[in-house]
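User: Can you walk me through this model? I'd like to begin with one residue and work outward.

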Amino acid sequence: MTPEQSARLIELVGEAIQREDEAAVERSFNDFQRGMAALRADFDPRRLQEAPGGGAND
C-alpha cells in the first residue's frame, strides 16, 4: 500500500468512526429524552407534599 493509499484509508476509517460516534450520541440523547418524558409523566407533586415532614422544601 502506498503512503497515499494508507493516508486515505486512515481518513476513511476516521470518518466511519466519527459517523458511528455521532449516531451513538444521537441514540443516547433520544434515550435521555424518553426517560425524562417518562419521569415527567409519572411525577406527582402531591406525593412530595404528603411526605412525612410536610412539603418539598422541608
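User: Is Arg-27 buried or exposed?
Analyst: Neither extreme. Arg-27 is partly exposed, because its relative accessible area is 45%. Buried means under 20% relative accessible area, exposed means over 50%, and partly exposed lies in between (1.4 Å probe, protein chains only).

User: Before we go on, what kind of model is this?
Analyst: It is a predicted model: local features need pLDDT of at least 70, side-chain atom pairs count only at pLDDT 80 or more, and totals for chains, interfaces and linings use all residues. Residues are numbered from 1 along each chain as its sequence is written, and side-chain values use heavy atoms, with hydrogens and water left out.

User: Which side chain does Arg-27 meet in a salt bridge?
Analyst: That of Glu-20, at 3.1 Å from N to O. A salt bridge here is a side-chain nitrogen of Lys or Arg within 4 Å of a carboxyl oxygen of Asp or Glu. Glu-20 counts as partly exposed because its relative accessibility is 44%.

User: Why would such side chains pair?
Analyst: Side chains of opposite charge can pair when their charged atoms come close.

User: How many salt bridges does the structure hold?
Analyst: Four. One of them joins Arg-34 to Asp-31, with the closest N and O atoms 2.3 Å apart. Both residues lie in helix α1, three residues apart, about one turn of the helix. Arg-34 counts as exposed at 51%; Asp-31 is partly exposed at 45%.

User: Which residue does Asp-44 pair with?
Analyst: Arg-46, at 3.0 Å between the closest N and O atoms. Arg-46 is exposed, with a relative accessible area of 53%.

User: New topic. How many helices and strands are there?
Analyst: Two helices and zero strands. These are DSSP runs, numbered from the N terminus: helices are H or I, at least four residues, and strands are E, at least two.

User: What share of the chain is buried?
Analyst: 0% of the 58 residues. The chain's accessible surface is about 5200 Å², and 58% of that belongs to carbon and sulfur atoms.

User: Which residues make the nonpolar surface patch?
Analyst: Met-1, Leu-9, Val-13 and Ile-17, over about 420 Å². Leu-9 lies in helix α1, residues 3-42, and is partly exposed at 42%.

Note on methods. Patches are made of residues with over 30% relative accessible area and no salt bridge: like charges are joined within 9 Å, nonpolar side chains (Val, Leu, Ile, Met, Phe, Trp, Tyr) within 5 Å. Accessible areas come from the Shrake-Rupley method with a 1.4 Å probe; for residues, only the protein chains shown count as cover.
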